[in-house]
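Please look through the sequence and the structure shown below before reading on. The report that follows moves from the packing of the interior to aromatic rings, helices and loops.

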Amino acid sequence: MESIKLDISKAVQFLNPGAVEALAPQVAAAQEALENGTCPGNDFLGWLHLPSSITEAFLNEVQAVADTLREKCEVVVVAGIGGSYLGARAVIEALGNSFAWLENDRKNPTILFAGNNIGEDYLYELTEYLKDKKFGVINISKSGTTTETALAFRLLKKQCETQRGKAEAKDVIVAVTDATKGAARTAATQEGYKTFVIPDNIGGRFSVLTPVGLLPIAVAGFDIKKLVEGAQVMEQETANDVPFAQNIAARYAAVRQALYAQAGKKIEIIVNYQPKLHFMSEWWKQLYGESEGKDLKGIFPAACDFTTDLHSMGQWIQEGERSIFETVISIEDPNRKLLFPHDDENLDGLNFLEGKRIDEVNKMAELGTLLAHVDGGVPNIRVSVPTINEYYLGQMIYFFEKACGISGLIQEVNPFNQPGVEAYKKNMFALLNKPGYEAESKAIRERL
């Protein structure tokens, strides 16, 4: 099978000749540091060889639990935030029928997401929707005390037990959590839930190929073995012994850091021309934002859905401050075929498109935008994907993960921690008068 491809030709033209190749030694040093575990954050490198370590027996175990939920549930709610839900949602949204949730006769459970916000209206509407549904819950939290997820899970657990009884609820609530410690582990042990472990050495944003992502994806009816197979192939194709000129993860890391350091490009916009990839962009935003945004450094990650956002953000991208570059995820062949029809009156003047695939129009919009943006001073990186399926999504996930690790080390930060996300939590707990935060509460209230 083919693999995803990288084209940086429309980016290097904004750099001095040989600028990307000049970073090859730094890339090699980053690759060696990852492989040898000598880099900052080396206790979170479990993702690096995760694909090749996944066994068929493990995937069969995940699939068996998924099959139980599929058999017993009309709806499955995934409770998690950040990396605990974005990867799964990215794959499910990319592979699913955009309008399946409207159908009365579904062969797959409806997958919903909670625990990623503290919206009272959202949670109320969710619990109302679930009142006449046979639903289950996948609770994804290493600690079990993350506020957004813990709050949602408490509501969902109580409702599930009320509607189905504790004995039946026990069979449709699954915990993906720490191996031995934490509130979620304790609750799962006490209640007798089926559990899967979030490995200690894999951070949330790198966890798509653990049960964090694999279980919800399998429940949704998609082939997790193909997903992992794609990631395994990309692990091989981006290994350290693959020459720099052929290693797409190494080259992507190098070109984006060259644009950042040498061309003053501080913002990277991830772009897709397929609405199904919206949440893949959201997953990418967390991966790169949380990995690189520290020590007062880092490319700001943004996302646009084209052509939709060309009618809202297109003006700024074309003529605004020249601090941006684009990475475009381009799907070569969509899964469906739809031809543009003839219209006798031709009031819209579009009969010249008669008989063309809708995707041909989309591709010409993509090419026209590429040329316009490059002419306007926006470097363009293109990630070409043969089609949207489990295999290529697995490739894409590992490609972006590997490039992220290399890129962060070139930038000389720890790509695997996220100390900054704790600041708002401390303030929130103090304002809510959580026990143990009395001093912080007094100090914060004096500032307000």
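## The nonpolar cores

Leu-393 is in contact with Val-91, Ala-94, Leu-95, Leu-227, Leu-277, Met-280 and Ile-388, once its neighbours within four places in sequence are left aside. These contacts, like everything else in this report, are read from a predicted model.

Leu-393 also belongs to the largest nonpolar core, which has 120 residues, and is listed there with Leu-215, Trp-283, Phe-399 and Phe-400 as the residues with the most contacts inside that core. The largest share of this core comes from helix 16, which supplies 13 residues. A second core, separate from the one just described, has 10 residues, among them Cys-304, Phe-306, Val-328 and Val-378.

## Aromatic pairs around Tyr-252

Searching the whole structure gives 13 aromatic pairs. In one of them, the rings of Tyr-252 and Phe-399 have their centres 5.5 Å apart and their planes at 35 degrees, so this pair is tilted. Tyr-252 belongs to helix 12 (residues 248-262) and Phe-399 to helix 16 (residues 390-410), and the pair thereby links distant parts of the chain, 147 residues apart. Both Tyr-252 and Phe-399 are buried.

Tyr-252 also forms an aromatic pair with Phe-400, and here the arrangement is edge-to-face, with 5.8 Å from centre to centre and 70 degrees between the planes. Because Tyr-252 lies in helix 12 and Phe-400 in helix 16, this pair ties together parts that are 148 residues apart in sequence. The relative accessibility of Tyr-252 is 0%, so Tyr-252 counts as buried, and Phe-400, with a relative accessible area of 1%, is buried as well. Ring pairs join Tyr-252, Phe-399 and Phe-400 with Trp-284 and Tyr-288 into a cluster.

## Charges over rings

Two lysine residues place their charged ends over aromatic rings. The charged end of Lys-133 sits over the ring of Tyr-129, at 4.1 Å from the ring centre, while the charged end of Lys-194 sits over the ring of Phe-196, at 5.2 Å from that ring's centre.

## A polar contact at Ser-407

Which side chain does the side chain of Ser-407 meet in a polar contact? The partner is the side chain of Arg-256, at 2.8 Å. Ser-407 has its place in helix 16, and with a relative accessible area of 0% this serine is buried. Apart from neighbours within four places in sequence, Ser-407 is in contact with Ala-253, Arg-256, Gln-257 and Glu-292.

## Helix 7 and helix 13

Helix 7 (residues 147-164) has 18 residues, which at 1.5 Å a residue should span 26 Å, and the C-alpha atoms at its ends are indeed 26 Å apart, so the two values agree. The buried residues of helix 7 include Ala-152, Phe-153, Leu-156 and Cys-160, but also Glu-148, Lys-157 and Arg-164. Just after helix 7, Gly-165 takes a positive phi of about 85 degrees.

Helix 13, with 15 residues, reaches 21 Å from its first C-alpha to its last, which is close to the 21 Å expected at 1.5 Å a residue. Among the buried residues of helix 13 are Phe-279, Met-280, Trp-283, Trp-284, Leu-287 and Tyr-288. The buried residues of this helix pack against helix 5 (86-95), helix 12, strand 7, strand 8 (300-305) and helix 16.

## Three residues in loops

Is Gln-274, in its loop, buried or exposed? With 14% relative accessibility, Gln-274 counts as buried, because the cut-off for that word is under 20%. Gln-274 lies in the loop between strand 7 (267-272) and helix 13 (278-292), and, not counting residues up to four places away in sequence, this glutamine touches Phe-306, Ile-331, Pro-334, Asp-359, Asn-362 and Ile-388.

Pro-419 has its place in the loop between helix 16 and helix 17 (422-431), and with a relative accessible area of 52% this proline is exposed. Although Pro-419 and Lys-294 are 125 residues apart along the chain, their C-alpha atoms are separated by 8.5 Å. Asn-433, placed in the loop between helix 17 and helix 18 (438-447), is exposed too, with a relative accessible area of 54%. From Asn-433 to Glu-235 there are 198 residues in sequence and 47 Å in space, C-alpha to C-alpha.

Methods: Residues are numbered from 1 along each chain as its sequence is written. This is a predicted model: local features need pLDDT of at least 70, side-chain atom pairs count only at pLDDT 80 or more; totals for chains, interfaces and linings use all residues. Side-chain values use heavy atoms; hydrogens and water are left out. Rings of Phe, Tyr and Trp (its six-membered ring) pair if their centres lie within 6.5 Å; planes under 30 degrees apart count as stacked, over 60 as edge-to-face and the rest as tilted. Helices (H or I, at least four residues) and strands (E, at least two) are DSSP runs, numbered from the N terminus. Buried means under 20% relative accessible area, exposed over 50%, partly exposed in between (1.4 Å probe, protein chains only). A charge sits over a ring if NZ of Lys or CZ of Arg is within 6 Å of the ring centre and within 35 degrees of the ring normal. A polar contact is a pair of N or O atoms within 3.5 Å; within protein, one must be able to donate a hydrogen and the other to accept it, and residues adjacent in sequence count only if both atoms are side-chain atoms. Contact means heavy atoms within 4.5 Å. A nonpolar core is a set of buried Ala, Val, Leu, Ile, Met, Phe, Trp, Tyr and Cys residues joined through side-chain atoms within 4.5 Å. The expected span of a helix is 1.5 Å times one less than its number of residues.
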